[in-house]
Amino acid sequence: MHWITALFLRDFKLAVRVGGGALIGVLFFLAVVTVFPFGVGPDLKLLARIGSAVLWIGALLSTLLGLDRLFQADRDDGTLDLYLLAGRPMELVVLVKCAAHWAATGLPLVLATPLFALFLNLEPIAIGAVTLTLVIGTPALTLIGAVGAGVTVSLRRGGVLLAILVVPLSIPVLIFGVSSATAVLSATASFTTPLLYLGAVTLFAGVVGPVSAAAALRYASD
């Protein structure tokens, strides 16, 4: 088995097992979605108008839950040092670990979105739009989070600092994702333009994220 496939499967299994994995993320996502209607009140039109933003905020916060463990266990048991000693390209290692993390935690959020959207009175076309934007945008959240996880890997209880670093960097993803998801309900706003920008941000994060996280991990191992 190729080492990339083995690394992906290993990290996927660890992400699912440790801390509840996908289940905890989906339950937290559900908690965020269900709290908003109680705060806003029984105004179904208002819920439908802000529903896409609520789902995106819930996805962002749920993504943050397991990011602090993305590299921590490997650093504690010396696996990261073995990657470096074996000459493995750390950028590729980071990219594979991010892919496994997204498959274990981000993908379940996307799959749960159509069901949770019903709680916010979203129309079918809006449900499809917000689900599509989350498919494109949530990998960017994981890749951006990998940078914060790499910077805080040597810190004990760096989860709070990680959130402080990641949330501001995730604002463009949130803006383009919500703009595109809400545009389908407007006769004047463009759905395609913010969606393309969202895809561009994800591609940019796919290049810069692994490089920055790998540099932070090399520095932490020195």
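Guide: Two residues are in contact when heavy atoms of theirs lie within 4.5 Å. The model discussed here is predicted: local features need pLDDT of at least 70, side-chain atom pairs count only at pLDDT 80 or more, and totals for chains, interfaces and linings use all residues. Residues are numbered from 1 along each chain as its sequence is written, and side-chain values use heavy atoms, with hydrogens and water left out.

Visitor: Which residues of α6 and α7 meet under that contact rule?

Guide: From α6 the participants are V94, L95, C98, H101, W102, V110, T113, P114 and A117. Their partners in α7 are I127, V130, T131, L134, V135, T138, P139, T142, L143 and A146. By class, this contact has 14 nonpolar, 5 polar and no charged residues. For these classes, Ala, Val, Leu, Ile, Met, Phe, Trp, Tyr, Cys and Pro count as nonpolar, Asp, Glu, Lys and Arg as charged, and the others, Gly among them, as polar.

Visitor: What makes α6 roughly antiparallel to α7?

Guide: Helix α6 spans residues 90–117 and helix α7 residues 124–151; they pack at an angle of about 150°, with their axes 9 Å apart. Angles under 35 degrees count as roughly parallel, over 145 as roughly antiparallel, 65 to 115 as roughly perpendicular and the rest as oblique. The angle of about 150° therefore makes α6 roughly antiparallel to α7. Their crossing is right-handed, the term for a near helix turned clockwise from the far one by less than a right angle (anticlockwise would be left-handed).

Visitor: Why are α1 and α6 called oblique to each other?

Guide: The axes of helix α1 (residues 3–17) and α6 come within 8 Å and cross at roughly 40°. That angle falls into none of the other classes, and α1 and α6 are therefore oblique to each other. This crossing is right-handed. On the α1 side the contact is made by W3, I4, L7, F8, R10, D11, F12, A15 and V16, and on the α6 side by L92, V93, V96, K97, A99, A100, A103 and A104. These residues divide into 14 nonpolar, no polar and 3 charged.

Visitor: What residues does α6 bring to its meeting with α9?

Guide: M90, E91, V94 and L95 of α6 meet G206, P210, V211, A213, A214, L217 and R218 of α9. The class totals are 8 nonpolar, 1 polar and 2 charged residues. The axes of α6 and helix α9 (residues 192–221) come within 8 Å and cross at roughly 115°, in a right-handed crossing.

Visitor: Why is the pair of F29 and F116 called edge-to-face?

Guide: Rings of Phe, Tyr and Trp (its six-membered ring) pair if their centres lie within 6.5 Å; planes under 30 degrees apart count as stacked, over 60 as edge-to-face and the rest as tilted. By this rule the count comes to 4 aromatic pairs. The rings of F29 and F116 have centres 5.4 Å apart and planes at 70°, so the pair is edge-to-face. F29 lies in helix α2 (residues 22–40) and F116 in helix α6, so the pair ties together parts that are 87 residues apart in sequence.

Visitor: What makes the pair of F116 and F119 stacked?

Guide: The centres of the F116 and F119 rings are 6.1 Å apart and the planes lie at 20°, so this pair is stacked. Ring pairs thus link F29, F116 and F119 into a cluster.

Visitor: How do you know whether F29, F116 and F119 are buried or exposed?

Guide: Buried means under 20% relative accessible area, exposed over 50%, partly exposed in between (1.4 Å probe, protein chains only). F29 has 0% and is buried, and F116, at 5%, also counts as buried. F119, with 41%, is partly exposed.

Visitor: Why does G51 count as buried?

Guide: The relative accessibility of G51 is 0%, so this residue counts as buried. G51 lies in helix α3 (residues 44–64) and touches L120 and L122, not counting residues up to four places away in sequence. The C-alpha atoms of G51 and L120 are separated by 5.4 Å, although the two residues are 69 residues apart along the chain.

Visitor: What is notable about the phi of N121?

Guide: N121 has a positive phi of about 60° although it is not a glycine. Most residues other than glycine have a negative phi. N121 is placed in the loop between α6 and α7 and, at 35% relative accessibility, counts as partly exposed.

Technical notes:
Axes are lines fitted to C-alpha atoms, for helices over the stretch in contact, and angles run from 0 to 180 degrees between N-to-C directions. Helices (H or I, at least four residues) and strands (E, at least two) are DSSP runs, numbered from the N terminus.
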